[in-house]
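Let's walk through a protein together, one feature at a time. Keep the picture in view and turn it as you read.

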Amino acid sequence: MEKLKIGIVGAGNIACNAHLKAYKECRNAVPVAICDLDFDRAKKAAEEFGISATYASVEEMLEKADIDAVDICTWNNGHAPVCIAAAKAGKHVLCEKPLAMTVEEGLAMKAAIDEAGVTFHLAVPSRFGYPNMYLRELYEAGEFGEVYYAKTSAIRRRGTPTGWFTDKKTSGGGPVIDIGVHRIDAAWYLMGTPKPVRVSANVFYKIGDYQTKGVGRWQGTPCPDNQFDCEDAGVGIIHFENGATMLIEASWALNAPPKEETLICGTKAGATVEPLVIFGERAGHLSTDEITVFPQNDKFKLEIEHFAEHALKGSRDTKYPIDQAITMQRMLQAMYDSAAQGKEIVLE
Ligand SMILES: NC(=O)c1ccc[n+]([C@@H]2O[C@H](COP(=O)([O-])OP(=O)(O)OC[C@H]3O[C@@H](n4cnc5c(N)ncnc54)[C@H](O)[C@@H]3O)[C@@H](O)[C@H]2O)c1
């Protein structure tokens, strides 16, 4: 089978612990080049995963490597410049979440992608997790009726990542943009990706830089000035054009029980994703159905194969195309803007 030739950009945690492991199992994509600002890191990953070509910058990789696509696994501040350079070089783009740090960056990415006519997919692996796929199938079959309310939480009690994640100029923000994006997307996807029209939110800068002992952290690459200027928690409410509403809470640190939860409520039935339960009625009585799906161990592989399949056939109609990615970025930015301005943000 023809395989999409991939150049990996950024050889850190998500590349080495998720994407590169997934490529080993992929039927239609193969990493043939890798680059990182830290050349030694790129070399180490290349050795570990048997990649032949190693570069110190994306520019060099785009110029010299025989690749069809890039897989962007850099810090968030690298997503826009790398995507734009790759699209201009005619390469398809798979980009880790979040799309960018701002809507403005996202729009520049869209302009480059549309101009080049390349395939784009935003990597948000929960769309390829079995619970979400199953619930989305039910949504499409009309089993929930009109989905008019959702509530989604990504609560860490103590889970601030280290390094660049807390440096706003590198990350674009804290838990809202980092982990909130996964849960907001899970709910939004199961609501049928309606158009957001009004957003009200608050973010907090309280206890994220804690000294608590015995708690684990996602290890981001250290940043030079060890900056911590991101929020440590955020809450918000998004209203959609179809009248639906979503409540959101996301934290790296909050004195609350840890929680990963997404609830959707429709006129015919509701559901939670974690655990996978359907709340409905059967023959006039309440029903609560626990559904068993396969363990979620291959969502990165499924996502990469989906991207590669579209890129190989020149289709731009991926599960997470650039226009949806921009709408998501608008919701995230509106949460920050609402918090900063102390008022509801109306989206065009
Ligand atoms: N899908 C998920 O569940 C998930 C989980 C964690 C992180 N992520 C995302 O993955 C991305 C990377 O996170 P990470 O935890 O792997 O970070 P990391 O710090 O471990 O690795 C990032 C690597 O990118 C390199 N890099 C940065 N800018 C670059 C550029 N312009 N060109 C080349 N290399 C560059 C860095 O030197 C570093 O080695 C982020 O966007 C993050 O939001 C996604």
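**Starting in a loop**

Pro-98 sits in the loop that links strand S5 (92-96) to helix H5. Please keep in mind that you are looking at a predicted model. The bond that leads into this proline deserves a look: the peptide bond joining Lys-97 and Pro-98 is cis, with omega at about -15 degrees. Why is that worth pointing out? Most peptide bonds are trans, and most residues other than glycine have a negative phi.

There is another cis bond to find further along the chain. The peptide bond from Glu-274 to Pro-275 is cis, and its omega is near -5 degrees. Pro-275 also belongs to a loop, the one between strand S12 (270-272) and strand S13 (277-282).

Now follow S13 onward to the loop between S13 and strand S14 (285-290), where you will find Ala-283. Ala-283 is not a glycine, yet its phi is positive, at about 45 degrees. Is Ala-283 buried or exposed? Ala-283 is exposed, because just 5 other C-beta atoms lie within 10 Å, and a residue with 12 or fewer such neighbours counts as exposed.

Thr-193 also has a positive phi of about 45 degrees without being a glycine. Look for Thr-193 in the loop between helix H8 and strand S8 (196-204). Thr-193 has 15 C-beta neighbours inside 10 Å, so it counts as partly exposed.

**Stepping back to the whole**

With those details in place, zoom out. The protein has 10 helices and 15 strands. Its C-alpha atoms fill a box of roughly 65 × 50 × 40 Å, taken along the principal axes. How does the radius of gyration fit with a compact globule? For 348 residues, a compact globule would have a radius of gyration near 20 Å, and the protein has 20 Å, so the two agree.

Of the 348 residues, 49% count as buried. The contacts also tell you how the chain folds back on itself: among contacts with a separation of 6 or more, 75% are between residues 24 or more positions apart.

Tyr-130 gives you one example of distant parts of the chain coming together. The C-alpha atoms of Tyr-130 and Val-293 are 6.4 Å apart, although 163 residues separate the two along the chain. Tyr-130 is found in helix H6. Since Tyr-130 has 18 C-beta neighbours inside 10 Å, it counts as partly exposed.

**Two domains**

The domain assignment divides the protein into domain 1 (4-124 + 299-320) and domain 2 (127-296 + 329-346). Each domain is listed with two stretches of chain. Their C-alpha centres lie 25 Å apart.

Where do the domains touch? In domain 1, 20 residues are in contact with 19 residues of domain 2. On the domain 1 side, the elements that give two or more residues are helix H4 (76-88), helix H5 (103-116) and helix H9 (299-312). H9 gives the most to this side, with 4 residues. Sorted by class, this side of domain 1 has 9 nonpolar, 7 polar and 4 charged residues.

**Helices side by side**

Two packed helices are described by the angle between their axes and the distance between the axes. Try this first on H5, the helix that follows the loop of Pro-98. H5 and helix H10 (residues 322-341) pack at an angle of about 170 degrees, with their axes 9 Å apart. An angle over 145 degrees counts as roughly antiparallel, so H5 is roughly antiparallel to H10. On the H5 side, the contact is made by Val-103, Gly-106, Leu-107, Met-109, Lys-110 and Ile-113. H10 brings Ile-322, Ala-325, Ile-326, Gln-329, Arg-330 and Gln-333. By class, this contact has 7 nonpolar, 3 polar and 2 charged residues.

Now turn to H6, the helix that holds Tyr-130. The axes of H6 (residues 130-140) and H8 (residues 175-190) come within 9 Å and cross at roughly 25 degrees. Angles under 35 degrees count as roughly parallel, so H6 is roughly parallel to H8. H6 contributes Asn-132, Leu-135, Arg-136 and Tyr-139 to the contact, while H8 contributes Ala-186, Tyr-189 and Leu-190. The contact of H6 with H8 has 5 nonpolar, 1 polar and 1 charged residues.

Definitions and conventions. Residues are numbered from 1 along each chain as its sequence is written. This is a predicted model: local features need pLDDT of at least 70, side-chain atom pairs count only at pLDDT 80 or more; totals for chains, interfaces and linings use all residues. Domain bounds come from an automatic or database domain assignment. Two residues are in contact if their C-beta atoms, placed from the backbone, lie within 7 Å. Ala, Val, Leu, Ile, Met, Phe, Trp, Tyr, Cys and Pro count as nonpolar, Asp, Glu, Lys and Arg as charged, and the others, Gly among them, as polar. Axes are lines fitted to C-alpha atoms, for helices over the stretch in contact, and angles run from 0 to 180 degrees between N-to-C directions. Angles under 35 degrees count as roughly parallel, over 145 as roughly antiparallel, 65 to 115 as roughly perpendicular and the rest as oblique. The radius of gyration is taken over C-alpha atoms; the globule rule is 2.2 Å times the number of residues to the power 0.38. A residue is buried if 20 or more other C-beta atoms lie within 10 Å of its own, exposed if 12 or fewer, and partly exposed in between; C-beta atoms are placed from the backbone.
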